[in-house]
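Student: I would like to take a close look at one part of this model and then see how the rest is arranged around it. Could you take me through it with care?

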Amino acid sequence: MARKAFITGVTGQDGSYLAELLLSKGYEVHGLVRKESTFNTSRIDHLLVDPFEPERKFFSYYGDLSDGATLTNLLYDIRPDEVYHLGAQTNSKVSFDLPEYTGDITALGTIRLLEAIRRSGIKVKFYNASSFEIFGTSPPPYNENTPFYPKSPFGGAKAYAFWMTANYRKDYKLFASSGILFDHESPRRFESTPTRKTTRAIAQILAAKEKFLYLGSIEPTKDWGYAPEYVETMWLMLQQEKADDYVIGTGVSHSVGEFVKEAFDYVGLDWERYLKKDPRPHRPTGPTLIADASKAKRELGWEPRVTFKELVRIMVDADIETLGLTRPGEGKTILAKHNLNYGNRASGNPTGGLEEWPGLLRK
Ligand code: NAP
């Protein structure tokens with residue numbers, strides 16, 4: 001029988017790539033979708049199929065990380081083998097505007113899910129999507145022994161989620177692992193990140209729809225990787241004999257300015273002509289972000305393949321193509337070179353909607 005995975009945050013960047021990865025491995029994938037008044041499934045629309053399709057492998061359910069009862073019911077009924085917890089209020093900057101909400105969803109949402117697993121009595125392996133933001137003001141490089149000094153409500157909420165995952169592993173003997181991931185980008189990254197702002201602005205400038213790219217400070221340095229490679233580590237963590245925590249990153253740091261220059265250079269535009277300073281106040285630049293992912297290399301056999309330059313090309317190409325323009329075109333060659341083209345991407349959604357819980361499970 002096919003193994004079953006349950007993913008929170010399936011409509012997000014990582015959730016959508018992870019769903020594709022697991023489907024390609026023969027899993028049955030069940031995803032939690034937040035009920036919005038607008039469509040929020042654009043990243044997974046190609047996975048949604050007619051609910052009456054007997055061969056379907058992808059199922060989606062409305063639910064929210066604020067609603068523990070629904071999480072318990074879903075887990076009890078689905079009985080997944082693996083739970084990937086990616087859902088969260090993920091924007092660190094927004095967490096200063098919404099500190100209480102961020103704590104509720106990102107921190108308490110994790111304990112609700114852990115309790116749902118415990119209360120439903122099912123035997124699962126649990127992955128918690130932790131973040132480099134738990135390290136905060138600690139100096140680089142960052143590994144599994146680096147102390148946590150989170151400096152945002154988001155980082156604090158992720159630190160809480162990390163420790164709760166570790167406690168459930170120790171106290172309840174749950175197979176529970178946290179991946180402490182550094183920034184990972186893709187054409188599906190949310191649009192307010194400096195990377196997507198840049199690649200989208202380039203496409204808009206080429207299409208003569210915008211004149212400039214507005215960014216805050218271009219000093220901050222990041223350890224940027226390519227998201228589809230990072231979701232592979234989530235799966236790998238749950239295939240180990242023992243649950244544990246792993247730092248995931250490239251070990252190479254680049255500034256936002258370097259990303260901007262590389263992206264504009266790729267399409268033959270002079271970045272200095274187009275970049276304007278967003279005059280609003282910005283957070284002070286933090287420490288240089290450099291991951292030490294040697295434990296993941298040693299124990300998971302994982303190493304990133306997509307380089308910084310390649311990542312930029314993949315992202316620029318994708319945003320240009322979305323506007324129907326001809327792209328420079330190296331992105332596809334890079335993906336093929338690294339064997340990173342997952343299948344199942346264009347099946348579409350003939351019914352256009354989601355089933356309401358709990359009807360789907362009544363077979
Ligand atoms: P993302 O694109 O922002 O996706 C977040 C997901 O969480 C979306 O599916 C979102 O649903 C869902 N969500 C938000 N609030 C929810 C709620 N109240 N109930 C249920 N679902 C809710 O984030 P991502 O980049 O894929 O990241 C995945 C995870 O990895 C996150 O936990 C993130 O903090 C962590 N992480 C990411 C990075 C990175 O660089 N991408 C780095 C370190 C850690 P909607 O689609 O409805 O908004």
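At what angle do the axes of H1 and helix H7 (residues 227–238) cross, and within what distance do they come?

Tutor: Since this is a predicted model, what follows describes the computed coordinates. The axes of H1 and helix H7 (residues 227–238) come within 9 Å and cross at roughly 65°, and the crossing is right-handed. On the H1 side the contact is made by Gln 13, Asp 14, Tyr 17, Leu 18, Leu 21 and Leu 22, while H7 brings Ala 227, Pro 228, Val 231, Glu 232, Met 234 and Trp 235. Sorted by class, the residues in this contact of H1 with H7 comprise nine nonpolar, one polar and two charged.

The helix H1 (13–24) also takes part in the surroundings of the ligand, where H1 and S5 are the elements that give two or more residues to the shell. That shell holds 26 residues, and the closest to the ligand are Gly 9, Gly 12, Asp 14, Gly 87 and Ala 129. With three residues, H1 gives the most to the shell. Asp 14 thus appears both among the residues closest to the ligand and among those through which H1 meets H7. In the shell, eight residues are nonpolar, 13 are polar and five are charged.

Strand S5, the other element named for the shell, leads to the sheet. This is an open sheet of seven strands with parallel pairing, in the order S3-S2-S1-S4-S5-S6-S11. Strand S3 (58–62) and strand S11 (246–248) stand at the edges, and because each has a single partner strand, one side of each is left without a neighbour in the sheet. From one strand to the next the twist averages 20°. At the S11 edge, strand S6 (residues 175–181) runs parallel to S11 and is joined to S11 by three bridges; within that pairing, Ile 180 of S6 has Val 247 of S11 as its bridge partner.

Helix H4 (residues 99–120) packs on the sheet, where H4 touches strand S1 (4–8), strand S4 (82–85) and strand S5 (125–131), and the direction of H4 makes about 170° with that of S4. H4 also meets another helix: the axes of helix H2 (residues 68–78) and H4 come within 8 Å and cross at roughly 45°, so H2 and H4 are oblique to each other. Their crossing is right-handed. The residues of H2 that take part are Gly 68, Leu 71, Thr 72, Leu 75 and Tyr 76, and they meet Arg 112, Leu 113, Glu 115, Ala 116, Ile 117, Arg 119 and Ser 120 in H4. By class, this contact of H2 with H4 has six nonpolar, three polar and three charged residues.

Two loops attached to these elements have backbone details that deserve a look. In the loop between H2 and S4 lies Arg 79, whose phi is near 55°, a positive value in a residue other than glycine. In the loop between S5 and helix H5 (153–171) lies Pro 141, and the peptide bond from Pro 140 to Pro 141 is cis, with omega near -5°.

A further helix pair can be set beside the ones above. Helix H8 (residues 256–266) and helix H11 (residues 308–322) pack with their axes 10 Å apart and at an angle of about 60°, which means that H8 is oblique to H11. The crossing of H8 and H11 is right-handed. H8 contributes Phe 259, Glu 262, Ala 263 and Tyr 266 to the contact, and H11 contributes Lys 309, Val 312, Arg 313 and Val 316. The contact of H8 with H11 has five nonpolar, no polar and three charged residues.

Definitions and conventions. Residues numbered from 1 in each chain as written. Predicted model: local features only at pLDDT ≥ 70, side-chain atom pairs only at ≥ 80, totals over all residues. Pairing = 2+ DSSP bridges. Helix = DSSP H or I, 4+ residues; strand = E, 2+ residues; numbered from the N terminus. Axes fitted to C-alpha atoms, helices over the stretch in contact; angles between N-to-C directions. Contact = placed C-beta atoms within 7 Å. Parallel < 35°, antiparallel > 145°, perpendicular 65-115°, else oblique. Left-handed = near helix turned anticlockwise from the far one by under 90°. Nonpolar A, V, L, I, M, F, W, Y, C, P; charged D, E, K, R; others polar. Near = placed C-beta within 6 Å.
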